[in-house]
Amino acid sequence: MWRRLPTFDVFVFTTRGLEAFGLVLIEAQAHGLPVAHSDLPGVREILGSSGVPYIPGDPRSLATALDEMGRDLHRRKVLTEAAVNNARRYNITTTGCRLRELTLRVAFQRPRHQRA
């Protein structure tokens with residue numbers, strides 16, 4: 001997939017359910033691809049304004065998002081720059097540190113009934 005991503009014009013993320021992280025989104029953005037994505041909470045947190053949301057399961061909403069991206073060269077360029085910048089936030093070192101911190105917080109957090 002890493003060899004094929006650079007040949008695409010845009011990455012479309014069609015997940016309709018909750019997404020824990022969506023690493024493929026960051027991989028696509030790291031290749032400079034603008035992303036059209038299902039408007040879901042986890043995905044919004046990962047992408048922020050660096051992607052174009054559409055209503056999950058609504059083909060017209062997706063078509064509108066893609067048409068807008070296809071017609072507006074300036075917007076696509078802005079989205080490409082935003083994609084690369086967003087992907088940099090999730091480099092392997094930073095992500096590893098964040099996952100470690102989260103794991104430690106969860107693993108050593110006292111259950112509610114034991115809190116003072």
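Let me start with one term: a residue is buried when its relative accessible area is under 20%. Hold on to that cut-off. Also keep in mind that this is a predicted model.

Let's begin with helix α1. Which residues of α1 are buried? They are Leu25, Ile26, Ala28 and Gln29. Now, how do they sit around the helix? They span an arc of only 160° about the axis, so they are on the same side of α1. Here is the general background. An α-helix has 3.6 residues a turn, so residues three or four places apart point the same way.

What covers that buried side? The cover includes β1, β2 (35-38), α2 and α4 (73-88). So much for the body of the helix. What comes after it? α1 is followed by Gly32, and the phi of Gly32 is positive, near 80°.

Next, the core. The largest nonpolar core has 14 residues. Six of these touch the most other members: Phe11, Leu25, Ala28, Val35, Val43 and Leu47. Which elements feed this core? β1 (11-13), α1 (23-30) and α2 (41-47) supply at least two residues each. There is another core, apart from this one. That one has 7 residues, among them Ala36, Tyr54, Leu62 and Ala65.

Let's stay with Ala28 for a moment. We have met it twice: it is one of the buried residues of α1, and it is among the core residues that touch the most other members. Leave out its neighbours within four places in sequence. Which residues is Ala28 in contact with then? Leu5, Phe11, Leu33 and Val35.

Now go across to helix α4. Val84 is in this helix. Val84 and Ala28 are 56 residues apart in sequence, yet their C-alpha atoms are 9.0 Å apart in space. Beyond four places in sequence, Val84 is in contact with Gln29 and Gly32. Gln29 is one of the buried residues of α1, and Gly32 follows that helix. Is Val84 itself buried or partly exposed? Its relative accessibility is 24%, so it counts as partly exposed. Remember the cut-off: buried means under 20%.

On to charges. Side chains of opposite charge can pair when their charged atoms come close. How many salt bridges does a search of the whole structure find? It finds 2.

Take Asp39 and Arg44. They form a salt bridge, with the closest N and O atoms 2.8 Å apart. Asp39 is partly exposed, at 31% relative accessible area. Arg44 is partly exposed too, at 41%.

Then Glu68 and Arg75. Their side chains meet in a salt bridge at 3.5 Å, N to O. Glu68 is partly exposed, with a relative accessible area of 33%. Arg75 is partly exposed as well, at 30%.

Last stop: helix α5, residues 92-107. Leu102 is in this helix. Its relative accessibility is 41%, so Leu102 counts as partly exposed. Which residues make a nonpolar surface patch of about 280 Å²? Leu99, Leu102 and Val106.

Arg98 is also in α5. At 47% relative accessibility, Arg98 is partly exposed. Setting aside residues up to four places away in sequence, Arg98 touches Arg89 and Tyr90.

To recap: α1 puts its buried residues on the same side. α1 is one of the elements that supply the largest nonpolar core. And α5 holds Leu102, part of that nonpolar surface patch.

Notes. Residues are numbered from 1 along each chain as its sequence is written. This is a predicted model: local features need pLDDT of at least 70, side-chain atom pairs count only at pLDDT 80 or more; totals for chains, interfaces and linings use all residues. Side-chain values use heavy atoms; hydrogens and water are left out. A nonpolar core is a set of buried Ala, Val, Leu, Ile, Met, Phe, Trp, Tyr and Cys residues joined through side-chain atoms within 4.5 Å. Buried means under 20% relative accessible area, exposed over 50%, partly exposed in between (1.4 Å probe, protein chains only). Helices (H or I, at least four residues) and strands (E, at least two) are DSSP runs, numbered from the N terminus. Contact means heavy atoms within 4.5 Å. Patches are made of residues with over 30% relative accessible area and no salt bridge: like charges are joined within 9 Å, nonpolar side chains (Val, Leu, Ile, Met, Phe, Trp, Tyr) within 5 Å. Accessible areas come from the Shrake-Rupley method with a 1.4 Å probe; for residues, only the protein chains shown count as cover. A salt bridge is a side-chain nitrogen of Lys or Arg within 4 Å of a carboxyl oxygen of Asp or Glu. The arc is that of the directions from the helix axis to the C-beta atoms.
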